[in-house]
Amino acid sequence: MSSEPELTWADVAAKGGIREWVDAEIDRLGLSHAGVPASMSDAEKKLFKARRDEERRMRRELYKRAWLAYKRSHIVHLGPGVFWHDTADVDRFDADDPTKARQDNAFPTFFTGGAGDLEAFAKAVEATLPRLRWLAFHREVDTGTHYVRWTVPKRDGSSRLISAPKPELKRIQRWIMNQITEHLPVHGAAHGFLPGRSILTNALVHAGAKTIIKFDIKSFYPTVTMRRVKGLLRRAGLGEQVATLMALLATESPREEVDTHGRKHYVAVGPRSLPQGAPTSPSITNALCLRLDCRLSGLARKLGCRYTRYADDLTFSWHGDSQSDIGALMRGVNAIVRAEGFEIHIKKTSVMRRGARQKVTGLVVNTAPSGVPSARVPRETVRQLRAAIKNRELGRPDRVEETLEQLKGKAAFIMMTDLHKGRGFMARIDALIAKRDAHHAKEQT
């Protein structure tokens with residue numbers, strides 16, 4: 001059997017299926033028999049039993065080969081609790097006109113809503129179906145993980161979990177992001193992770209405001225479960241099979257590491273949801289929040305204020321002589337956000353009036369001394385960066401341990417709002433990096 005060429009599912013399907021292909025192979029090998037003769041000698045019985053045993057052994061081998069061929073061209077199963085079948089279908093979760101939806105979203109033309117979409121997707125991402133099954137398969141307890149996890153401190157003292165996909169999964173997620181999720185419609189009030197938009201464009205909408213109210217959505221990414229992602233993709237025109245596979249590739253369960261008998265296990269402690277650190281997560285949430293943004297924009301118009309969203313930060317502001325109805329806004333925002341499947345983090349809601357500092361996505365938006373509304377980096381951030389650069393130029397230790405690359409990130413942040421000042425900081429940091437690298441090179445030689 002080892003010398004036989006690799007069997008393809010097309011070969012099996014051409015015979016009518018696994019059973020039919022096996023029967024045909026048994027006939028070809030001359031192992032089939034009409035039945036048990038009425039009478040046989042002892043020698044004939046021994047020969048018949050040997051022939052029957054060989055046929056049974058060969059049938060097991062052939063069924064195994066046919067099943068492997070099936071698995072090479074079908075997903076088969078994606079884990080407990082995941083609905084999957086290998087026959088494409090249409091149901092109430094699909095778009096009313098999937099073909100038009102795919103065209104409107106400018107999806108790759110090889111997606112047709114049929115069974116061939118899976119193989120076309122696998123070919124596009126340069127992976128086999130078994131490999132995609134391995135990357136997407138859901139296990140409640142796993143001995144490995146496709147993510148690298150770490151925590152970073154948040155301003156409130158708690159920690160934020162970052163889950164970065166490993167290279168192979170990240171490459172496929174980037175394809176999904178570039179070809180699918182970034183093509184989905186997004187509301188004009190969204191400013192996060194979009195071309196031509198940033199924390200600066202988000203803050204400028206509220207510059208010079210009389211009153212600003214900020215809300216924070218609690219557990220934003222963990223609230224977007226695999227089922228919600230799958231529903232979003234199906235409404236966008238993708239078939240049930242591809243939508244399920246992509247939703248699994250873009251989500252992961254929060255997990256705890258448990259050591260058992262000297263071996264590490266990763267135990268799921270919640271449903272699959274968007275990981276913070278995956279390239280697909282921002283574009284999925286932007287598209288998923290389309291209706292939320294529409295409803296909150298409508299509320300803002302009704303109350304005479306402006307609205308923007310940057311990821312999970314919701315910002316409203318009143319300008320000029322417009323009346324600030326803060327109570328109505330708070331009630332409306334809480335009701336709408338809850339109806340859309342999210343929850344407001346009450347402790348992080350803040351009201352900022354003109355007489356005090358007003359910050360939106362890290363930028364100060366109070367009217368500048370010149371009287372022109374603007375968004376700028378806080379002065380203390382500029383002073384801290386200037387002092388950190390000066391200390392390193394003089395060879396002195398700094399109070400905050402930061403790498404030169406981290407300082408460069410702060411300089412880029414400043415350059416976004418003050419190009420001249422930011423470039424000056426960037427040039428000084430680049431000089432420090434060049435000096436450090438030259439020193440390291442000299443030590444190595």
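Let's start with a pair of residues you can find in the model: Lys-214 stands opposite Thr-315 in strand S8. Keep in mind as you look around that this is a predicted model. The pair belongs to a longer partnership, in which strand S4 (residues 211–216) and strand S8 (residues 313–318) are joined in the antiparallel sense over six bridges. In general, the strands of a sheet pair through backbone hydrogen bonds, and they may do so parallel or antiparallel.

Now step back to the sheet around this pair. Four strands make up an open sheet, in the order S7-S8-S4-S9, with antiparallel pairing. At the edges are strand S7 (306–310) and strand S9 (350–353); each has a single partner strand, so one side of each is left without a neighbour in the sheet. From one strand to the next, the twist averages 20°. Lying across S7 and S8 you will find helix H13 (residues 290–303), which runs at about 155° to S7.

Cys-294 falls within that residue range, so to speak of cysteines is a natural next step. Which cysteine sulfur is nearest to that of Cys-289? The answer is the sulfur of Cys-294, 11 Å away, and Cys-289 is in no disulfide. The gap between these sulfurs is too far for a bond, and the count of disulfides in the model comes to zero. The two cysteines can also be described by their surroundings: Cys-289 is buried, with a relative accessible area of 0%, whereas Cys-294 is partly exposed, at 38%.

Next, follow the chain back to another set of strands. Six bridges join strand S5 (residues 255–260) to strand S6 (residues 263–268), and these strands run antiparallel. S5 and S6 form a hairpin with two residues between them, and His-261 in the turn has a positive phi of about 55°. S6 also pairs with strand S1 (residues 141–142), again in the antiparallel sense, over two bridges. Where do these pairings come together? Val-267 in S6 is the bridge partner of Glu-256, and Val-141 stands opposite Val-267 as well.

Our last stop is helix H16 (residues 404–417). Its 14 residues reach 21 Å from the first C-alpha to the last, close to the 20 Å expected at 1.5 Å a residue. Which residues of H16 are buried? They are Leu-404, Leu-407, Ala-411 and Ile-414. Seen down the axis of H16, the buried residues fall within an arc of 70°, so they line one face of the helix. The spacing helps to make sense of this: an α-helix has 3.6 residues a turn, so residues three or four places apart point the same way. The buried residues of H16 pack against helix H15 (379–393) and helix H17 (419–444).

Key
Residues are numbered from 1 along each chain as its sequence is written. This is a predicted model: local features need pLDDT of at least 70, side-chain atom pairs count only at pLDDT 80 or more; totals for chains, interfaces and linings use all residues. Side-chain values use heavy atoms; hydrogens and water are left out. The expected span of a helix is 1.5 Å times one less than its number of residues. Buried means under 20% relative accessible area, exposed over 50%, partly exposed in between (1.4 Å probe, protein chains only). The arc is that of the directions from the helix axis to the C-beta atoms. Contact means heavy atoms within 4.5 Å. A disulfide is a pair of cysteine sulfur atoms within 2.5 Å. Two strands pair if DSSP finds at least two bridges between them. Axes are lines fitted to C-alpha atoms, for helices over the stretch in contact, and angles run from 0 to 180 degrees between N-to-C directions.
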